[in-house]
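Thanks for making the time this morning. I would like to walk you through one model, helix by helix, and then finish with two histidines.

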Amino acid sequence: MEAKTPKLGRPSRLSREQIVDAALGCDLRTVTMRDIAERLGVSHSALYRWVGNRDELLDLVSEVVIECILPTADPTADTWREWLSDLAWRMHDQFLAAPGYAAHVAMPHRHNRHAFGQLRDRVVSTFKLAGVSDDMAKQSWHIFGLGIVQWLGAQQMGHDIGPDAPRFDLFLDVLLRGLPAQEPSP
């Protein structure tokens, strides 16, 4: 979802980057349009010219976060696992750096179709490089995506899994060793 282009008139005091920066400084689980307008020092109507509601605001944040985490280099048949590991660590760092973002993404809701579609497409293509069918690549995406997002969401929400909670590096290692998904043996 692209940010709206402000209407003609006075030069805009807002930009996509300013709005996202303001949002990333708030807890995204509870942020309101009023919070963002106050942080930016603008009226609600000025903000609404860029984003129509809270869902559009969170979509805009997701676009920027996904742009930041996608590696620029393409994986190969020899580097697909390293590429996914790099992506997972980027997700770890970016999702946890934004207060409430990992928790928001981990909750069931409508995700930004464009941003998460880009992420899904890149990961599915990467699993295809590992030599699996389209169906198994899509299944592997769901396993990878859900696994990473749920781990990060639980971490950010402060779920106490006890003193033996898995470290992200160990979790990721086990996850990637089990992927790509394969059809079970009969």
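Let me begin with helix 1, whose buried residues are Ile 19, Val 20, Ala 22 and Ala 23. Those four cover an arc of only 160° around the axis, and that is why they lie on the same side of helix 1. As for what they face, the buried residues of helix 1 pack against helix 2, helix 3 and helix 4. I should say at once that this is a predicted model, so please take everything that follows in that light.

Helix 2, which takes in residues 33-40, can be read in a similar way, its buried residues being Met 33, Ile 36, Ala 37 and Leu 40. Here the arc around the axis is only 100°, which again puts the buried residues on the same side of the helix, in this case helix 2. On the other side of helix 2 we find Glu 38 and Arg 39, and both of these are exposed. The buried residues of helix 2 pack against helix 1, residues 16-24, against helix 3, residues 44-48, and against helix 4, residues 54-69. If you follow the chain onward from helix 2, you come to Gly 41, which has a positive phi, near 70°.

Helix 4 has now come up twice, so let us turn to its contacts. How do the axes of helix 1 and helix 4 cross? They come within 10 Å of each other and cross at roughly 95°, and since angles from 65 to 115 degrees count as roughly perpendicular, helix 1 and helix 4 are therefore described as roughly perpendicular to each other. On the helix 1 side, the contact is made by Arg 16, Ile 19, Val 20, Ala 23 and Leu 24, while helix 4 brings Leu 57, Leu 60, Val 61, Glu 63, Val 64, Val 65 and Glu 67. Sorted by character, the residues of this contact between helix 1 and helix 4 comprise 9 nonpolar, no polar and 3 charged.

The second partner I want to show you is helix 7, residues 113-129, whose axis comes within 8 Å of that of helix 4, with a crossing angle of roughly 20°. An angle of that kind makes helix 4 roughly parallel to helix 7, and the crossing by which helix 4 passes helix 7 is left-handed. The residues that make the contact are Ser 62, Glu 63, Ile 66 and Ile 69 from helix 4, together with Ala 115, Phe 116 and Leu 119 from helix 7. In this contact of helix 4 with helix 7, the division is 5 nonpolar, 1 polar and 1 charged.

Finally, the two histidines. Is His 92, in helix 5, buried or exposed? His 92 has a relative accessible area of 17%, and because buried means under 20%, His 92 is classed as buried. Helix 5 itself covers residues 80-97. Setting aside its neighbours within four places in sequence, His 92 is in contact with Trp 151, Leu 152 and Phe 168. Of these partners, Leu 152 is 60 residues away from His 92 in sequence, yet the C-alpha to C-alpha distance between them is 6.6 Å.

The other histidine, His 104, sits in helix 6, residues 101-106, and at 15% relative accessibility His 104 also counts as buried. With the neighbours within four places in sequence again left aside, the contacts of His 104 are Arg 29, Leu 58 and His 109.

Definitions and conventions
Residues are numbered from 1 along each chain as its sequence is written. This is a predicted model: local features need pLDDT of at least 70, side-chain atom pairs count only at pLDDT 80 or more; totals for chains, interfaces and linings use all residues. Side-chain values use heavy atoms; hydrogens and water are left out. Buried means under 20% relative accessible area, exposed over 50%, partly exposed in between (1.4 Å probe, protein chains only). The arc is that of the directions from the helix axis to the C-beta atoms. Contact means heavy atoms within 4.5 Å. Axes are lines fitted to C-alpha atoms, for helices over the stretch in contact, and angles run from 0 to 180 degrees between N-to-C directions. Angles under 35 degrees count as roughly parallel, over 145 as roughly antiparallel, 65 to 115 as roughly perpendicular and the rest as oblique. A crossing is left-handed if the near helix is turned anticlockwise from the far one by less than a right angle, and right-handed if clockwise. Ala, Val, Leu, Ile, Met, Phe, Trp, Tyr, Cys and Pro count as nonpolar, Asp, Glu, Lys and Arg as charged, and the others, Gly among them, as polar.
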